[in-house]
Amino acid sequence: MKLYFFILFVLLFSFPAYGEDVKSVSSGRLRLIDISMDALFSGGWSTVNDNTLQNIQGGGHDPRKRGFTVQNVELSLTGAVDPYLKGEAHIVYFNDPLTGETRTELEEVFITTLSLPYGLQLEAGHFFTEFGRINPRHPHQWHWQDQPVINTRFFGPDGMRGPGFRLGWLMPLPWFSELHIGIQNANGETMASFLASEEFFDERPIGNRPFVKQEVKALKDLVHLIKMDNSLDLAEDITAKIGISGLYGPNATGGNGQTIIYGADLVLKWRPAEQVRGWPFLILESEIMKRDYKSATYLYGSDPENVIDLQEETLKDWGFYAQILYGFMPRWAAGLRYEYATGSGESIDGRNNDPFRDDRSRISPLLTWMLTEFSRVRIQYNYDHADHLPDEEAHSVWLGIEFMYGVHPAHSF
Amino acid sequence: MLKRIIFTLLLLLRLINPAFAEVNIVATLPWIGSIVREIGGDKVNITVLVKPNQDPHYIEAKPSMILEASKADMLIYNGLDLEVGYLPLIINSSRNYRIQAGRKENLDCSQYIDAIERPQRDVDRSMGDIHPFGNPHYHLSPENIRKVADGIADTLSELDSAHAEFYRKNLISFYERLDDKQKQWGSKSLKDKKFIAYHKYFEYLASEFGFQIIGYIEQKPGIPPSAGHIERLIETIKNSRPDALITTGYYGKRGVEFLSQKTGIRGVVIPHDVGADDIKDWFTLMDRVLESLE
Ligand SMILES: [Zn+2]
């Protein structure tokens, strides 16, 4: 039923002839809200079954079912609030691949200041944590159809996001350098490596540890972010961006459980001046990140025969992805992504059997056909090698289609 | 010593602003930079974001552009949504209150011109990457550039009133030069010439110099032509014998070459902005454009 309302809503309000985003054909008019709609669908097959796919395609918007997946249908609403603020909201719909149920997510709703002095910018509301490259970006901004394995492990199926604020400072240096500090709530299903939620731990307990509900008592019970981005034009047609990120906050294992995540990301883009509709291009992207998950001691049970007694232990995990995408002729791009993830410190039933902590690598060639800026078809093959899989490997092929209409916001670099 | 270190640090942080004489201007396109140079002379410092050989329709916002915009006293751009793919992001990310929309320092040059090809009915993307406010390629139109130069001089005089006199004087000498040039250009015999163009890039030029564009290789803006369209176009070309097939440097070259071979009509690549092929300013650009059409 919800889906019907959604479709009705989209038809009524996003249809260019009637929606707010219709471009004025006379002189100025009041531009109140920019609406856009982006839909990602996929179809494919894997050598492993649907239940196993929920683990190896662990991103909430990954293709993750034999047959078809409604990955992500996103409604974006942006506009100027007043002369000082810009507002932005992203509401996401998708189908649960196993039950077919429609799910709605308030992905982001926040304001951004436009004119604070000294190069400062404040964002407040509910938003993606500015960690690395993939996490703060929406699925339609990713080049591959699924999120990197390491992102799924650290930030959960839907990416790390939550209510809070973030201050960005464009530093007065000769090159582009931006510093971000942020604070967000540590609890909720989108705060996987931090206080998380009981539901999340029912599905994907980190290290198979039990969930311990905690209260916020001090500022240290929130998640703290620091991020620095630097960019340089290496040549007229080559631009590099390097970022380092760090997160610190309490985790769901109990009183003194703490998590630190840190990482580095790199992007290199080659765009020759004499391009035809944006082609050719070459984009190299990579992220590496590490998590220290300090689990608290845990003692439970009154019956001395049946006590759960867990020692304090720091579970260490790390991983990276590296991908290269080459736009070789107008409308076409080919890419290759390699990923690796591993860790140390035991999960309760052994790290080898933990689908979100075992040793794993994935190779994903990709071919993209972009009809225009607003629609594309992608075919991707995933070769998975993971300790927890019955044969230690899986082959999957995904064909995805994406289309968007409405006001197309400019892409960030 | 300590004082000096602190001063240098503060200077680095731009907390102290030693009186810089020049107005820091960020212009999106090279031709805008050229007109601003004519009016602003040595009282302005100009940074142009787009390279002369780049297609102005497909520009990506680079962090270095955001950095430039963050330091700008003034932002001057083409408008009519030509920069919609990157400029809003640059303005937002710049955190520079001076260049936000609605302020004098945010100067949309298209406000001074009479845009042609404003859609007379609703448009949508089934018509391709259409320019919804009218044709934005007005920089090859001396009459419109005249108005844009006046608008730039006005705004500069208002924002930097200490040099208002200087900007007015420069505008007058720009007009004198333009009057001379227009006489020279007016003597070119472009009237009654017929062309086939790749993109709707030469419409202002055509209406001012009296030539005709009888067909387009690009069926819909930003969308590669279909085989059927090309076939029909070959027929049109064979029947109406245009004087040339014209396009700009950034795309359409191959299409023009192909059609030229098929039909025997010469293909001409027309420089599209200042800076390419040692075109040093807007006047030279107009000279070259008109030469290549002759
Ligand atoms: Zn155009």
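Helices here are DSSP runs of H or I with at least four residues, strands are runs of E with at least two, and both are numbered from the N terminus. This is a predicted model, where local features need pLDDT of at least 70, side-chain atom pairs count only at pLDDT 80 or more, and totals for chains, interfaces and linings use all residues. Residues are numbered from 1 along each chain as its sequence is written, chains are lettered from A and ligands numbered from 1 in the order in which they are written, and side-chain values use heavy atoms, with hydrogens and water left out.

**Exercise 1. Take stock of chain B.**

Step 1: count the elements. Chain B has 10 helices and eight strands.

Step 2: box it. Along the principal axes, the C-alpha atoms fill roughly 80 × 40 × 35 Å.

Step 3: check burial. Of the 294 residues in chain B, 53% are buried (under 20% relative accessible area; exposed is over 50%, partly exposed in between, with a 1.4 Å probe and protein chains only).

Step 4: look at contacts, meaning heavy atoms within 4.5 Å. Among those in chain B with a separation of 6 or more, 63% join residues 24 or more positions apart.

**Exercise 2. Work out the zinc site.**

Step 1: find the donors (N, O and S atoms within 2.8 Å of the metal, or 3.2 Å for Na, K and Ca; water is not among the atoms, so sites may look incomplete). The NE2 atoms of His57(B), His131(B), His137(B) and His199(B) coordinate the zinc ion at 2.0 to 2.2 Å.

Step 2: assign the geometry. The four donor atoms make angles of 100 to 125°, so the site is tetrahedral (four donors with all angles between 85 and 135 degrees). For comparison, the ideal angle for four tetrahedral donors is 109.5 degrees.

Step 3: read the spacing. Along the chain, the donors follow H-x73-H-x5-H-x61-H. His57(B) sits in the loop between β2 (44-48) and α3 (63-70), and His199(B) in the loop between β5 (194-197) and α7 (203-209), so this pair ties together parts 142 residues apart in sequence.

Step 4: compare the two. His57(B) is partly exposed at 21% relative accessible area, whereas His199(B) is buried at 7%.

**Exercise 3. Place Tyr167(B).**

Step 1: locate the residue. Tyr167(B) belongs to helix α6 (residues 164-186).

Step 2: check its cover. Tyr167(B) is buried, with a relative accessible area of 0%.

Step 3: list partners. Beyond neighbours within four places in sequence, Tyr167(B) contacts several residues, including Val23(B), Ile39(B), Val44(B) and Leu156(B).

Conventions
Four donors count as tetrahedral if all angles lie between 85 and 135 degrees; four count as square planar and six as octahedral if opposite donors are over 155 degrees apart and all others between 65 and 115; anything else is irregular.
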